[in-house]
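Please work through the exercises below with the structure in view, and try each task before reading its solution.

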Amino acid sequence: MDDLFAPSDVSWTPVSPSLATLRRLNAAILAGLTAIAALLALGLSLGWLYGGLAVVLIALVFGWSWVLIGRNQRSWKYAERDDELLVSHGVMFRELVVVPYGRMQFVDVTAGPLERACGLATVELHTATPATDAKIPGLHPDEASRLRDRLSALGQAQAWGL
């Protein structure tokens with residue numbers, strides 16, 4: 001499905017499908033810990049039937065999040081243009097962030113323990129205006145480093161031209 005507000009002449013680059021795996025792993029850990037806590041808290045205070053019902057409810061929510069995580073991962077994409085970087089994401093509420101290279105102050109590459117285990121990194125672009133900050137999760141570390149170096153060089157070159 002095409003974005004109604006995104007330029008059609010742009011060559012978009014999708015993020016890695018491993019982003020969905022990472023987010024599903026995060027959701028599974030959170031759901032598991034929540035289910036254990038709910039089972040123990042409700043089981044000991046109200047009865048084990050209520051604890052079991054809570055676990056079933058948490059499992060249903062986790063199942064629904066599994067589907068939504070996959071859809072969200074497929075919505076993330078970015079495009080490098082001559083003067084700006086475009087970042088688009090969102091399924092129900094789509095967002096397109098346009099970051100002019102000359103407005104970038106610095107570019108971060110981060111990777112937490114689970115991201116490193118999945119072979120992923122996140123590139124964060126910071127500008128003077130927080131509304132134009134952008135984040136691109138789910139990149140291979142080599143691509144994240146390449147993008148950081150390219151954006152930093154372009155940002156520096158464009159800032160000198162302002």
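The exercises that follow concern a predicted model.

**Exercise 1.** Work out what span helix α1 should have, and compare it with the distance between its end C-alpha atoms.

*Solution.* Begin with the extent of the helix: α1 covers residues 18–45, which is 28 residues. Next, take 1.5 Å a residue, counting one residue less than the helix holds, which gives an expected span of 40 Å. Finally, turn to the model, where the end C-alpha atoms of α1 are 40 Å apart, so the two values agree.

**Exercise 2.** Find which residues of α1 are buried, and what they pack against.

*Solution.* First apply the cut-off, by which a buried residue has under 20% relative accessible area. The buried residues of α1 are then Leu19, Ala20, Leu22, Ala27, Ala31, Ala35, Ala38 and Gly43. In a second step, look for their partners: these buried residues pack against α2 (48–75), α3 (113–117) and β7 (134–139).

**Exercise 3.** Describe the conformation of the chain over the residues that UniProt lists as "transmembrane region".

*Solution.* Start from the record, an unreviewed entry, in which UniProt gives residues 25–42 and 48–69. Over residues 25–42 the chain is 100% helix and 0% strand, with end C-alpha atoms 25 Å apart. Residues 48–69 are likewise 100% helix and 0% strand, and here the end C-alpha atoms lie 31 Å apart.

**Exercise 4.** Determine the strand order of the open sheet, and explain which strands stand at its edges.

*Solution.* Three antiparallel strands make up the sheet, in the order β5-β6-β7. Because β5 (104–110) and β7 each have a single partner strand, they stand at the edges, and one side of each is left without a neighbour in the sheet. To check one pairing, follow β5 and β6 (residues 121–127), which are joined over six bridges in the antiparallel sense; valine 107, for instance, has leucine 125 in β6 as its bridge partner.

Conventions
Residues numbered from 1 in each chain as written. Predicted model: local features only at pLDDT ≥ 70, side-chain atom pairs only at ≥ 80, totals over all residues. Heavy atoms only, no water. Helix = DSSP H or I, 4+ residues; strand = E, 2+ residues; numbered from the N terminus. Buried < 20%, exposed > 50% of the residue type's maximum accessible area, 1.4 Å probe, protein only. Contact = heavy atoms within 4.5 Å. UniProt positions renumbered as here; feature names shortened; annotations may be inferred. Pairing = 2+ DSSP bridges.
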